[in-house]
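Me: I should like to learn how to read a structural model, feature by feature. Please give the general idea each time, and then the case at hand.

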Amino acid sequence: MTDRYEYVPHPLLRHRVRDVASGIEGELMAVITEDVSTSLHPYWVELAYVRGPSGREFSTAVDNIESAEPPPGQHT
């Protein structure tokens, strides 16, 4: 990869998700592979960008997100 970031498709895009690290729920806005290295050697990670209840977006590891929507057929 030559860019510092690349968008990645994800099945939960635009769905309600929960960040298991913080417990915050919001809408998954994007998953991006980013070079987070501060040296000459690239270090690529997949980050999930979630828009929280305040309207502000935050990032977390993509492995930290899970669906916050109830399973089909389950009443809330």
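Me: In which loop is Arg14 found?

Reply: This is a predicted model, in which local features need pLDDT of at least 70, side-chain atom pairs count only at pLDDT 80 or more, and totals for chains, interfaces and linings use all residues. Residues are numbered from 1 along each chain as its sequence is written, and side-chain values use heavy atoms, with hydrogens and water left out. Helices (H or I, at least four residues) and strands (E, at least two) are DSSP runs, numbered from the N terminus. Arg14 lies in the loop between strand 1 (5–7) and strand 2 (16–19). Its phi is near 65°, a positive value in a residue other than glycine.

Me: How many helices and strands does the chain have?

Reply: The chain has zero helices and six strands; read from the N terminus, the order is β-β-β-β-β-β. Along the principal axes, the C-alpha atoms fill a box of roughly 50 × 20 × 20 Å.

Me: Is Arg14 buried or exposed?

Reply: A residue is buried under 20% relative accessible area, exposed over 50%, and partly exposed in between (1.4 Å probe, protein chains only). Arg14 is exposed because its relative accessible area is 54%. Of the 76 residues of the chain, 29% count as buried.

Me: In which sense do strand 3 and strand 4 pair?

Reply: Two strands pair if DSSP finds at least two bridges between them. Strand 3 (residues 25–35) and strand 4 (residues 44–51) are antiparallel, with eight bridges. Within strand 4, Val45 stands opposite Glu34.

Me: What should I note about Val36, in the loop between strand 3 and strand 4?

Reply: Val36 counts as partly exposed because its relative accessibility is 37%. Contact means heavy atoms within 4.5 Å. Neighbours within four places in sequence aside, Val36 is in contact with Tyr43 and Val45. A C-alpha distance can also be set against sequence separation: Val36 and Tyr5 are 31 residues apart in sequence and 9.1 Å apart in space.

Me: How many bridges join strand 4 and strand 5?

Reply: Strand 4 and strand 5 pair over five bridges, in the antiparallel sense. One of the residues to inspect is Leu47, whose bridge partner in strand 5 is Ala61. The hairpin of these two strands has five residues between them, and there Gly55 takes a positive phi near 95°.

Me: Which strand holds Thr60, and is this residue buried or exposed?

Reply: Thr60 belongs to strand 5 (residues 57–61). Thr60 counts as buried because its relative accessibility is 8%. Residues up to four places away in sequence not counted, Thr60 touches Asp19, Glu46, Leu47, Ala48 and Ile65.

Me: Which side chains make polar contacts with that of Thr60?

Reply: A polar contact is a pair of N or O atoms within 3.5 Å; within protein, one must be able to donate a hydrogen and the other to accept it, and residues adjacent in sequence count only if both atoms are side-chain atoms. The side chain of Thr60 makes such a contact with the side chain of Asp19 at 3.1 Å, and another, of 3.2 Å, with the side chain of Asn64.

Me: What share of the contacts in the chain joins residues 24 or more positions apart?

Reply: Among contacts with a separation of 6 or more, 42% are between residues 24 or more positions apart.
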